[in-house]
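This report describes the model shown below. The headings run from a single residue to a sheet and then to the chain as a whole.

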Amino acid sequence: MTKLFALAGAFAIAAALQLGPAWAQDTSSDESAGAQDVGQSTPTGAPQSYTTPPPAPVLFITSVEVIQTTLEPKQAIIKVRGLTGSRGWSGPQLVPLFQGDTPDGILDLQFIAQTPDQTQKAEGFVPIYAIFPLDPGDKMPKGIRVRGVGNVMLLTQLPGSIETTITKEDGSKAVGKTWAEKGTAPAGTDNVVREEDMPRNFRIIPPKKGVAGITHNMNRLNLVLGEDGKTITWAFWE
């Protein structure tokens with residue numbers, strides 16, 4: 001499949017872009033200099049280079065559809081819909097998970113897109129879609145598997161379609177509600193955001209605890225708690 005190899009190469013490049021700069025620490029020592037405090041380096045005043053955020057998998061897959069064209073040259077077209085956590089995602093595409101034929105005859109795809117370049121307020125999930133045409137004359141695979149961050153969908157009746165509904169917390173109405181850890185509030189409790197309803201990789205930020213590291217994970221929903229340690233005061237995708 002010519003297009004599969006081409007898109008697989010694109011996926012490899014996208015994966016390479018996710019490798020950030022390597023920071024090397026100078027371990028050499030000068031005994032005559034003695035010990036020195038480690039502090040913030042003095043800014044040079046030079047403009048900092050801008051690096052485009054790498055593509056990343058979208059948060060959820062909501063439908064997979066395969067249609068067969070009737071006009072020559074006939075070909076199968078895969079259409080996938082999904083959800084991102086926030087606005088600002090662009091350039092959606094479907095890329096093969098690996099090169100070559102699969103042992104089970106299933107075409108395994110990952111749904112990726114260009115991430116936003118800055119933090120986004122939680123305003124609700126945003127629909128996104130992409131298509132993947134197979135080359136004319138290619139043999140129809142036994143099935144189509146599409147992966148997102150939070151789920152995977154498998155379509156085995158081709159042509160055909162499947163869909164699902166996502167019920168996870170999107171953060172759009174979280175501010176002002178009370179955070180409830182797992183097992184502390186039954187489903188449907190008013191004015192509460194439950195841990196059981198959160199999407200994968202979420203983060204709670206209490207008022208008196210630090211955070212581990214600086215990241216740019218646009219698939220992670222952050223909930224900031226107020227001084228009482230319970231009320232949600234801010235919800236954002238980092």
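## Surroundings of threonine 115

Which residues does threonine 115 touch, not counting residues up to four places away in sequence? In this predicted model, the contacts of threonine 115 are with Pro53, Pro54, Ala56, Gly88, Trp89, His216 and Met218.

As for its place in the fold, threonine 115 lies in the loop that runs between strand 5 (106-114) and strand 6. The relative accessibility of threonine 115 is 8%; because buried means under 20%, threonine 115 counts as buried.

## The sheet that contains strand 6

The strand that follows this loop, strand 6, belongs to an open sheet of 4 strands. The order in this sheet is 6-15-14-13, and the pairing is mixed. Strand 6 (120-121) and strand 13 (203-205) form the edges, each of them pairing on one side only.

The partner of strand 6 is strand 15 (residues 232-237); these two strands pair in the antiparallel sense, with 2 bridges. Within strand 15, tryptophan 237 is the residue that stands opposite glutamine 120.

## The hairpin of strands 14 and 15

Strand 15 also pairs with strand 14 (residues 221-225): the two run antiparallel and are joined by 5 bridges. Asparagine 222 has phenylalanine 236, in strand 15, as its bridge partner.

Strands 14 and 15 form a hairpin, with 6 residues between them. In the turn of this hairpin, glycine 229 adopts a positive phi of about 75°.

## The chain as a whole

In secondary structure, the protein chain comprises 15 strands and 1 helix. Its length is 238 residues, of which 37% are buried; threonine 115 is one of the residues that count as buried.

Among contacts in the protein chain with a separation of 6 or more, 64% join residues 24 or more positions apart. The area that the protein chain exposes is about 14900 Å², and 52% of this area is supplied by carbon and sulfur atoms.

Definitions and conventions. Residues numbered from 1 in each chain as written. Predicted model: local features only at pLDDT ≥ 70, side-chain atom pairs only at ≥ 80, totals over all residues. Heavy atoms only, no water. Pairing = 2+ DSSP bridges. Buried < 20%, exposed > 50% of the residue type's maximum accessible area, 1.4 Å probe, protein only. Contact = heavy atoms within 4.5 Å. Areas by Shrake-Rupley, 256 points an atom, 1.4 Å probe, with all protein chains shown as cover.
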